[in-house]
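Student: I'd like a close look at a single part of this model, please. Could you start from one residue and take me through what surrounds it?

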Amino acid sequence: MGHPAPPRHLAIIMDGNGRWAARRGKPRTYGHQAGTEAARRIVRAVAERGIPVLTVYAFSSENWSRPRHEVTRLMSLFRHALDREVRKLHDNGVRLSFIGRREAFAPSLQRGMTRAEELTRNNQRLQLNVAANYGGRADLADAARGLAERVQRGELRPEEVNEDRLAEQVALAGQPPPDLFIRTGGEQRLSNFLPWDLAYTELYFCDTLWPDFSEADLDRALEDFARRERRFGGLGEPALKHA
Ligand code: IPE
Ligand code: IPE
Ligand code: MG
């Protein structure tokens with residue numbers, strides 16, 4: 001039976017911080033702090049396993065609807081990460097990119113994001129995409145607008161709009177689509193994450209709350225992935241043998 005090649009791109013919804021804190025009788029923001037530590041650990045583990053692309057959902061376009069003090073705390077953790085982590089990521093060969101509408105963030109945060117991208121742009125070990133104020137429907141709407149503008153400028157005829165042209169406009173343009181998706185925290189939904197890119201991704205859900213997600217949990221997900229049979233609408237290898 002044909003096993004899939006190791007994932008070239010892993011996408012993670014890091015969910016469960018609030019519940020992790022609540023179980024300890026702590027405020028939700030305590031869980032977000034612990035969540036950043038888990039993120040640091042997993043970024044390192046993913047790089048060590050030779051997976052070249054990692055995309056993590058840090059803040060969705062819907063997360064602004066959280067209580068104000070929670071949003072404020074998330075912004076300050078983000079700021080702290082930009083100030084404190086980027087150098088280390090750079091030294092470890094990580095190329096950072098942010099996807100999502102960044103205009104919504106404070107100007108200083110936007111500058112931090114741009115600086116991090118510029119500093120790390122030539123790194124080759126791990127492409128780390130951080131989805132911040134990312135929404136999948138907005139991503140598709142922006143892609144559609146981009147195509148409409150190309151048509152208006154006369155660069156593209158309407159009949160030339162196809163999947164390849166749209167793929168060039170989405171936030172993760174130029175990157176291979178995720179092979180494996182992991183959502184921690186027990187919910188089994190996509191929550192507006194990468195609707196274009198996840199079309200043929202293998203989905204893996206686990207109950208572990210994000211701050212508890214360990215290297216062993218990551219390896220379990222990778223082992224599960226290695227047993228999947230990816231068919232992409234075809235018949236897969238065993239079926240072909242009997243054809
Ligand atoms: C994920 O954890 C982090 C963000 C959405 C920023 P949650 O904050 O959603 O934690 P739960 O799902 O409420 O436990
Ligand atoms: C998705 O988690 C967003 C992030 C993890 C950043 P949510 O906790 O916001 O998703 P829902 O509300 O349970 O769908
Ligand atoms: Mg959640």
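Where along the chain is the place of Ser191?

Tutor: Happy to. Ser191 sits in the loop between β5 and β6. Before going further, please keep in mind that this is a predicted model. Confidence in the protein chain averages a pLDDT of 96, and 96% of the residues reach 70 or more. Helix α9 (residues 236-241) has the lowest confidence, with a mean of 61, while strand β1 (residues 9-13) has the highest, at 99. Where pLDDT is low, the predicted coordinates should not be read in detail.

Now for Ser191 itself. The backbone has a feature worth pausing on: phi is positive, about 45°, although Ser191 is not a glycine. Most residues other than glycine have a negative phi. Asn133 is another example, with a positive phi near 50°. Asn133 belongs to strand β4 (residues 126-134), whereas Ser191 belongs to a loop. Their surroundings can also be set side by side. Asn133 has 8% relative accessibility and is therefore buried, the cut-off being under 20%. Ser191 has a relative accessible area of 29%, which lies between 20% and 50%, so Ser191 counts as partly exposed.

What does the side chain of Ser191 reach? One of its polar atoms lies 2.6 Å from an oxygen atom of ligand 2. Arg189 also takes part, with an N or O atom of its side chain 2.8 Å from an oxygen atom of that ligand. For Arg183, the side-chain N or O atom is 3.3 Å from a ligand 2 oxygen. On its own, ligand 2 exposes 390 Å², and the protein buries 78% of that area.

The full shell around ligand 2 consists of Ile13, Met14, Asp15, Tyr57, Ala58, Phe59, Asn63, Arg66, Arg183, Arg189 and Ser191. Sorted by class, five of these residues are nonpolar, two are polar and four are charged. Strand β2 (residues 53-60) contributes the most, with three residues. Strand β2 also holds Thr55. Thr55 counts as buried because its relative accessibility is 0%, under the 20% cut-off. The side chain of Thr55 makes a polar contact of 2.7 Å with the side chain of His9.

Let's go back to the strands on either side of our loop. Arg183, which we met beside ligand 2, lies in strand β5. With a relative accessible area of 4%, under the 20% cut-off, Arg183 is buried, so the two loop-and-strand contacts we compared differ in their cover: Ser191 is partly exposed. Following the chain from Arg183 to Phe232, 49 residues apart, the C-alpha atoms are separated by 22 Å. Strand β5 (residues 180-183) runs parallel to β6, and four bridges join them. One of the pairings puts Leu180 opposite its bridge partner in β6, Glu202. Glu202 also belongs to the covered face of β6 (residues 202-205), along with Tyr204; Leu203 and Phe205 make up the uncovered face.

There is a second ligand to consider as well. Met14, Asp15, Ala58, Asn63 and Arg66 are among the residues around ligand 2, and they also appear around ligand 1. The rest of the ligand 1 shell is Gly16, Asn17, Gly18, Arg19, Arg28, His32 and Leu74. By class, the ligand 1 shell holds three nonpolar, five polar and four charged residues.

Several contacts on that side involve oxygen atoms of ligand 1. Asp15 has a side-chain N or O atom 2.8 Å from one. A polar backbone atom of Asn17 is 3.1 Å from a ligand 1 oxygen, and for a polar side-chain atom of Arg19 the distance is 2.7 Å. Taken alone, ligand 1 exposes 380 Å², of which the protein buries 87%. The elements giving two or more residues to this shell are α1 (17-23) and α2 (28-48), and α1 has the largest share, three residues.

To sum up, Ser191 is a loop residue between β5 and β6, its phi is positive, and its side chain has a polar atom 2.6 Å from an oxygen of ligand 2.

Methods:
Residues are numbered from 1 along each chain as its sequence is written. Chains are lettered from A and ligands numbered from 1 in the order in which they are written. This is a predicted model: local features need pLDDT of at least 70, side-chain atom pairs count only at pLDDT 80 or more; totals for chains, interfaces and linings use all residues. Side-chain values use heavy atoms; hydrogens and water are left out. A residue is near a molecule or strand if one of its heavy atoms lies within 4 Å of it. A polar contact is a pair of N or O atoms within 3.5 Å; within protein, one must be able to donate a hydrogen and the other to accept it, and residues adjacent in sequence count only if both atoms are side-chain atoms. Accessible areas come from the Shrake-Rupley method with a 1.4 Å probe; for residues, only the protein chains shown count as cover. Ala, Val, Leu, Ile, Met, Phe, Trp, Tyr, Cys and Pro count as nonpolar, Asp, Glu, Lys and Arg as charged, and the others, Gly among them, as polar. Buried means under 20% relative accessible area, exposed over 50%, partly exposed in between (1.4 Å probe, protein chains only). Two strands pair if DSSP finds at least two bridges between them. pLDDT is the predictor's confidence in each residue, from 0 to 100.
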